[in-house]
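Here are a few short exercises to work through with the model open in your viewer. Try each one yourself before reading on.

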Amino acid sequence: MINLILFVASLLGGPGDPSANAYRAAARRINDLKHTRLDMRFDYRHRYLYGKEWVTLAPHFNPTDSLRLDARGMEIKEVAIVQNEKKTPLHFTYDGRSIAIRLNRSWRRTESYTIYIDYISRPGELKFKDSTMRKFNSGLYFVNPDSTAKGKPVQIYTQCETENASVWFPTIDKPDQKSTDEIRMTVPAKYVTLSNGRLAASKDNGDGTRTDTWKMELPQPPYLFMLAVGDFRIYHDHWRNIPVDYYLEPAYAPYAKQIFGTTPEMIDYFSRILHYDFPWNKYAQIVVRDYASGGMENTTATLLNEYVQQTPRQLLDAYYSKGQSTIVHELFHQWFGALVTCRSWSNQAVDETFAEFSDGLWAEHQYGRDAGDALRAHDVQIYLKTKSVDTAPMVRYHYRNELDMFDVLTYYKGNGVLNMLRNYLGDSAFFSGLSHYLHVNAFKNAEVDQLRLALEDVSGQDLHWFFDQWYYRAGHPILDIRHRWNDTTATETVWLRQTQEGEPYRLPMAIDIYSGGRKQRYMVRMENKLDSFSFHASSKPDLVNVDADKVLVAVITDHQSLDEYVFQYFHAPLYLDRSQAINAAIEDPSDARSQEILIAALNDPYYGLRINAVSALDMKNPVIRNAASPILVQLIHSDSNHLVKAAALSVLGKLRDREYMPVFKEALTSPSDAVRSAAGTAVGLLERN
Ligand SMILES: [Zn+2]
């Protein structure tokens, strides 16, 4: 799932909720799902699904004569056991949440049995404590089923994570169950359908309906089961010999390639870095209306929010947009989530954290290291600023509601933590470790310990300390950095102090010393609350760059001078090196050294930093205005990024200087909405004068 849900999680439960401290064990496994066969029709008027199910199971370990299936708010008409194609009714009780079934005899784990259930799913009649819970936990959604909203498509789709599959078919609705499946749907013939796996059969019934049969021959957890029905146009693409399909509303179908066209490249890239080819026999993406989340990684059939649907004009200004991020995120889940699934919701760190992390991987591959670093830095900053979450560790077995696990810790802190792990092990060992984790746990479930073991196995290093402090402990280090030069001994001493409460973090890091025109890198390991490190240098360093790879998830106070920041901006290589220098300049805008940074940053290689610098210019200051104006004109003429052009136009426009009218007029002819809009405002300001 993509993280729109983060903002909702905080609404769930509340202080004083008695379930807040409940221990959330992984469900006891008495029976295991093996195969799920469904035959379904839809009642648009009542928002019902009429289902027949044949579910095959086997006892997990001990023999058992009973079975409990999750089934929420259904009408259960018949429960029977199927033997030699003959149905024998079984005794069952149903309490609106689960069906307790007495089997015809005791079954052993070496045997499997098939239960038949005739049922009606009624999602609209489920009771919820508020509309937020209804929005996220209804399982089966009917969009405009009576066609009363003019121009709005009629759609049906499902959203099962976390435990909402059991709204539309009886199942053991837990992530550590896996089942192959066959889903047969009878729908109005004018609509197309989508589900997991391959379309095995499609039969016109001659009565205005069609029956499609989808088969999923590899096992997946119930929360990744999906179906969708509606008026969609399908664009067929491929990666190697695997179909890659894009399902869009007819109006957006002509732009399918612009919206989704990089998907095969993404599949290729992730297959390569994971040393694990895309594991499924197709990959489809479908955009639906009124969807509560951003996207859902249903195995082979990702469901996406309508924000992904954009016209080429909108895409022109989107760059690495929320839509692109969502496409990447859900795709990466096909390995981390669908192939290897969290054992319980407590271990979202092996699902959602990786999906969030993939966003930066793709960005750096496609747009360069700065783009990946910018995404990761954004996540880490949001985590560090969200103080309320700091009392819980990332992996935790106590929470109010499963959706609470889809939070700032899982997505944002986790992203930063994975990045540290990657940096510590190095790309080669890190990605080989991920590959090993996928191969060992494929089609099974895992917890964070499986990840640690795989990385230890490949790297040959103990990683308990890392996982203990980052995954199982709440909070983060607060790090104070000071350093001093001793002329007599020609030594630079760096003092690192951790000021957070509790145990010190073990922090391996790089320190780059820039002295006498060269850079020397030292690898150090902070172990105590206060550590100091001394380095010889030929002359007093121009810059001591602590955490030189800029990966620590920590609140860092570095007592640097503006001189050092100027040096850092021009000599240290990374996005965060330059971003920190720009921020220091923004704090002290009247200083000439700040102006030097900001003027230089107008031509920063990363567009996001160019925009930061443009927006921070104090154009009332004549020195800045004189230096910046020609650069802004140049950006408007020739920057490769429309958003930079638009930012420059809005700053220059506020000067209300007629001299720039030709620049603004020319910008009015830009293909970019953002540029034309900013130019229009600039022209408007002048004409009002
Ligand atoms: Zn996700």
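**Exercise 1.** In which sense do strand β4 (residues 75-83) and β8 pair, and over how many bridges?

Solution. Keep in mind that this is a predicted model. Start with β4: its pairing with β8 is antiparallel and spans 7 bridges. For a concrete pair, look at Glu78, which sits opposite Asp118 in β8. Now go to strand β2 (residues 48-59), which also runs antiparallel to β8, joined by 9 bridges. Here Tyr50 has Ile120 of β8 as its bridge partner.

**Exercise 2.** Is strand β8 (residues 113-121) largely enclosed or not, and why?

Solution. First, sort the side chains by direction. In a regular strand, they alternate between the two faces of the sheet. In β8, Tyr113, Ile115, Ile117, Tyr119 and Ser121 point one way, while Thr114, Tyr116, Asp118 and Ile120 point the other. Next, check burial, taking under 20% relative accessible area as buried. Both sets are buried. That is 9 of the 9 residues, so β8 is largely enclosed by the rest of the structure.

**Exercise 3.** How do helix α13 (residues 562-571) and helix α15 (residues 592-601) cross?

Solution. Two packed helices are described by the angle and the distance between their axes. For α13 and α15, the axes come within 9 Å and cross at roughly 15°. Angles under 35 degrees count as roughly parallel, so α13 is roughly parallel to α15. The crossing is left-handed. As for who touches whom, the α13 side includes Tyr565, Val566 and Phe570, and the α15 side includes Arg593, Ile597 and Ala600. The contact residues split into 8 nonpolar, 1 polar and 3 charged.

Conventions: Residues are numbered from 1 along each chain as its sequence is written. This is a predicted model: local features need pLDDT of at least 70, side-chain atom pairs count only at pLDDT 80 or more; totals for chains, interfaces and linings use all residues. Side-chain values use heavy atoms; hydrogens and water are left out. Buried means under 20% relative accessible area, exposed over 50%, partly exposed in between (1.4 Å probe, protein chains only). Helices (H or I, at least four residues) and strands (E, at least two) are DSSP runs, numbered from the N terminus. Two strands pair if DSSP finds at least two bridges between them. Axes are lines fitted to C-alpha atoms, for helices over the stretch in contact, and angles run from 0 to 180 degrees between N-to-C directions. Angles under 35 degrees count as roughly parallel, over 145 as roughly antiparallel, 65 to 115 as roughly perpendicular and the rest as oblique. A crossing is left-handed if the near helix is turned anticlockwise from the far one by less than a right angle, and right-handed if clockwise. Contact means heavy atoms within 4.5 Å. Ala, Val, Leu, Ile, Met, Phe, Trp, Tyr, Cys and Pro count as nonpolar, Asp, Glu, Lys and Arg as charged, and the others, Gly among them, as polar.
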